[in-house]
Amino acid sequence: MFESAAAIRILRNLVVYAVGVGLLVVAALGLAEAIDVSAAVAGVLFTVGLALVLVVHEYFGGPV
């Protein structure tokens, strides 16, 4: 059985990872001009999303 601290850690990692991937998807769609997002905003969203995914992998030990 999971301890509550382990469950909270996994939930935190998954939430941060999901937000990062969501930002990456929005940025990619914006850069592909599938949605109405300027290139400057899409670039910032892509950078932030990539940073969040890297934080989860490097500092939090992976999404799960």
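Guide: Axes are lines fitted to C-alpha atoms, for helices over the stretch in contact, and the angle between two of them runs from 0 to 180 degrees between N-to-C directions. Please keep in mind, as we go, that this is a predicted model.

Visitor: How are two packed helices described, and at what angle do helix 1 and helix 2 pack here?

Guide: In general, two packed helices are described by the angle between their axes together with the distance between the axes. In this model, helix 1, which covers residues 4-31, packs with helix 2, residues 39-58, at an angle of about 155°, and their axes lie 7 Å apart. Because angles over 145 degrees count as roughly antiparallel, helix 1 is roughly antiparallel to helix 2. Helix 1 also passes helix 2 in a left-handed crossing.

Visitor: Which residues of helix 1 meet which residues of helix 2?

Guide: On the side of helix 1 they include N13, V16, Y17, G20, L24, A27 and L31, while on the side of helix 2 they include A39, A42, F46, G49, L52, V56 and H57. When the residues of this contact are divided by character, 18 are nonpolar, five are polar and none is charged.

Visitor: Which residues of helix 1 are buried, and what covers them?

Guide: The buried residues of helix 1 are I10, N13, G20, L24, A27 and G30, and what covers them includes helix 2.

Visitor: Is L11 in helix 1 buried or exposed?

Guide: L11 is found in helix 1, and since its relative accessibility is 54%, it counts as exposed, the cut-off being over 50%. The C-alpha atom of L11 is separated by 8.2 Å from that of V64, although the two residues are 53 residues apart along the chain.

Visitor: Where is A40, and how far is it from A27 in space?

Guide: A40 has its place in helix 2 and, at 60% relative accessibility, counts as exposed. From C-alpha to C-alpha, A40 and A27 are 9.8 Å apart in space, with their positions 13 residues apart in sequence.

Visitor: What span should the 28 residues of helix 1 have?

Guide: At 1.5 Å a residue, helix 1 should span 40 Å, and its end C-alpha atoms are indeed 40 Å apart, so the expected and the computed values agree.

Visitor: Which residue with a positive phi follows helix 1?

Guide: Helix 1 is followed by E33, whose phi is near 60°, a positive value in a residue other than glycine. E33 has its place in the loop between helix 1 and helix 2, and because its relative accessibility is 71%, E33 counts as exposed.

How values were computed
Residues numbered from 1 in each chain as written. Predicted model: local features only at pLDDT ≥ 70, side-chain atom pairs only at ≥ 80, totals over all residues. Heavy atoms only, no water. Helix = DSSP H or I, 4+ residues; strand = E, 2+ residues; numbered from the N terminus. Parallel < 35°, antiparallel > 145°, perpendicular 65-115°, else oblique. Left-handed = near helix turned anticlockwise from the far one by under 90°. Contact = heavy atoms within 4.5 Å. Nonpolar A, V, L, I, M, F, W, Y, C, P; charged D, E, K, R; others polar. Buried < 20%, exposed > 50% of the residue type's maximum accessible area, 1.4 Å probe, protein only. Expected span 1.5 Å × (residues − 1).
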